[in-house]
Amino acid sequence: MVITARAIARLHAGHAWVYRSDIISAGGASPGALVRAVDHRGKFMGWALYSDASQIALRLLSRHDESAPRWPSLISNRIADAVAYRKKVVRDSDAFRVVFSESDFLPGLIIDCYYDIVCFQALTQAMNLDSARAEIQSAILQQLAPQTIVERVDARIRQLENLPPRESSVVLGERSTTIFHSNGIAFHFDALGGQKTGAFLDQRENYAAAAAYAHGQALDCFCYHGGFALHLARVCEQVTGIDASRQALEAAEQNSLLNQAQQRAPEIEWLEGNVFDVLKDYATARRQYDTIVLDPPPFARNKTALAKAMRGYKEINLRALKMLRPGGILVTCSCSQAVADSDFEQMLISAASDAGRQVRMIEKRTQARDHPISLTIPESAYLKCFICSIS
């Protein structure tokens, strides 16, 4: 498959993607095929997995050896390497991300472990091939020995990859629910419900970091299943969690009940509502808190939504800053990859100026280490978590 000079420059810089606009000749490759990428002179650039539907036409699999890699049997070795890496970096949790796509050299594959249930997502034509799916499941069994394997399906991604519709399902075992533990806190897990592959594992280390500074009366906004709130409840006098989803709050309440008997933590107040509206009402009523967490869903899924997203981030941060007592702690997050660290920091500076507050950065954090960041693939870095002291 012949690619442009622009694509070659991107690959030389360490990226793993070739866009459709940079394909000169596809050479009749079939969907999901392993193809040899070359320049216009036929010089070898790498082996890549091909999609005939996605704007990302090629995802690099190997760049070092002109002989074809053993695909899909290569999957097993790379999953084994990914598991070995997690054994080094995951602490105090039996739930973690096992494979993070390009960052683990398995583009288009996500695998998450939740105690005795492992979920996987095949996000590309190549990973959706029957041979690849069989290799993925075999490697999961060999490396992790779960009781259950579940395939989670992202309908939007399947549509973009021109893949036939498929429902999330249990592919091995019978039970789709379990209880996992993270930082000493227990969580219910439903493998066939919830967002992403079921829980926000990327915030695990940030939950613990936030609890190290939190105190007094705490407010957890966009609380989902209570990840931050449950950690804050171990150190705060009072905790309120807000989310627009009743279903999410019911799950959060179940998680709270699961932990109350063991930890003797204060009961958490769960409030259903639009966070923007609630914060506006609370700020008008001059409510005050010692700790506020802002962990919204992605406001910007692409660059075109960036301006609107930054207005949304500023609004909630401005209101939170006005509601914090002197010495208060603000934990503010963005999971939008389109939002750069510098943009998020400038937004917070602007909000602090408008609120008339002084903000000191205690920690500038990112996703947990089981979601490794490839320095040459900026798309692998998406989560921002700033922990600040407010005066």
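Let's start at Glu 345, which comes out as partly exposed, with a relative accessible area of 27%. Keep in mind that this is a predicted model. Glu 345 has a salt-bridge partner in Lys 364, and the closest N and O atoms of the two are 2.6 Å apart. This pair links distant parts of the chain: Glu 345 is in helix α11 and Lys 364 is in strand β19 (residues 359–365), 19 residues apart. Lys 364 is partly exposed as well, at a relative accessible area of 48%.

From β19, step across to its neighbour. β19 pairs with β20 in the antiparallel sense, over 6 bridges, and one place to look is Val 359, which stands opposite Ile 390 in β20. Strand β18 (residues 324–334) also pairs with β20, again in the antiparallel sense, this time over 7 bridges. Here you can pick out Ser 334 opposite Lys 384 in β20.

So how much of β20 itself is buried? Strand β20 spans residues 384–390 and is mostly covered, with 7 of its 7 residues buried. Both faces are covered: Lys 384, Phe 386, Cys 388 and Ile 390 are buried on one side, and Cys 385, Ile 387 and Ser 389 are buried on the other.

Phe 386 is worth following, since it takes us into the aromatic residues. It forms one aromatic cluster with Phe 222, Phe 276, Phe 299, Tyr 313 and Phe 344. In the model as a whole, the count comes to 15 aromatic pairs. Take Tyr 313 and Phe 344 from the cluster: their ring centres are 5.5 Å apart and their planes sit at 90°, and since planes over 60 degrees apart count as edge-to-face, that is what this pair is. The pair links distant parts of the chain, with Tyr 313 in helix α10 (residues 306–323) and Phe 344 in helix α11 (residues 341–355), 31 residues apart. Both Tyr 313 and Phe 344 are buried.

For another geometry, go to Phe 44 and Trp 47. Their ring centres are 6.2 Å apart and the planes are at 55°, so this pair is tilted. Phe 44 and Trp 47 are both buried too. Aromatic rings can also have a charge for company: Arg 287 lies over the face of Tyr 282, at 4.0 Å from the ring centre.

Back to the charged residues. Side chains of opposite charge can pair when their charged atoms come close. In this model the count comes to 18 salt bridges. One of them joins the side chains of Arg 6 and Asp 22, at 2.8 Å from N to O. Arg 6 lies in helix α1 (residues 5–12) and Asp 22 in the loop between β2 (17–19) and β3 (23–25), so the pair ties together parts that are 16 residues apart in sequence. Is Asp 22 buried or exposed? It is buried, with a relative accessible area of 1%.

Another salt bridge brings together the side chains of Asp 116 and Arg 175, at 2.7 Å from N to O. It too links distant parts of the chain: Asp 116 is in the loop between β8 (109–114) and β9 (117–122), and Arg 175 is in the loop between β11 (169–172) and β12 (177–182), 59 residues apart. Asp 116 is buried at a relative accessible area of 14%, whereas Arg 175, at 35% relative accessibility, counts as partly exposed.

Some of the charged residues go beyond a simple pair. Arg 204, Glu 205, Arg 369 and Asp 370 are linked in a network of salt bridges. Arg 204 and Glu 205 belong to α6, and both are buried there, along with Asn 206, Tyr 207, Ala 209, Ala 210 and Ala 211. With 7 of its 10 residues buried, helix α6 (residues 204–213) is largely enclosed by the rest of the structure.

Finally, have a look at a pocket. The second largest one has a volume of about 300 Å³. It is lined by 16 residues, and the closest to its centre are Leu 60, Leu 61, Arg 63, Glu 102 and Phe 105. Which strand gives the largest share of that lining? Strand β6 (residues 56–62) does, with 3 residues.

Methods
Residues are numbered from 1 along each chain as its sequence is written. This is a predicted model: local features need pLDDT of at least 70, side-chain atom pairs count only at pLDDT 80 or more; totals for chains, interfaces and linings use all residues. Side-chain values use heavy atoms; hydrogens and water are left out. Rings of Phe, Tyr and Trp (its six-membered ring) pair if their centres lie within 6.5 Å; planes under 30 degrees apart count as stacked, over 60 as edge-to-face and the rest as tilted. Buried means under 20% relative accessible area, exposed over 50%, partly exposed in between (1.4 Å probe, protein chains only). Helices (H or I, at least four residues) and strands (E, at least two) are DSSP runs, numbered from the N terminus. A charge sits over a ring if NZ of Lys or CZ of Arg is within 6 Å of the ring centre and within 35 degrees of the ring normal. A salt bridge is a side-chain nitrogen of Lys or Arg within 4 Å of a carboxyl oxygen of Asp or Glu. Two strands pair if DSSP finds at least two bridges between them. On a 1 Å grid over the protein atoms alone, a cavity is a set of points where a 1.4 Å probe fits but cannot get out, and a pocket is an open set with protein on both sides within 12 Å along at least five of seven lines; lining residues have an atom within 4 Å of a point. Grid points are joined across faces, edges and corners, and a volume is the space filled by probe spheres set on the points.
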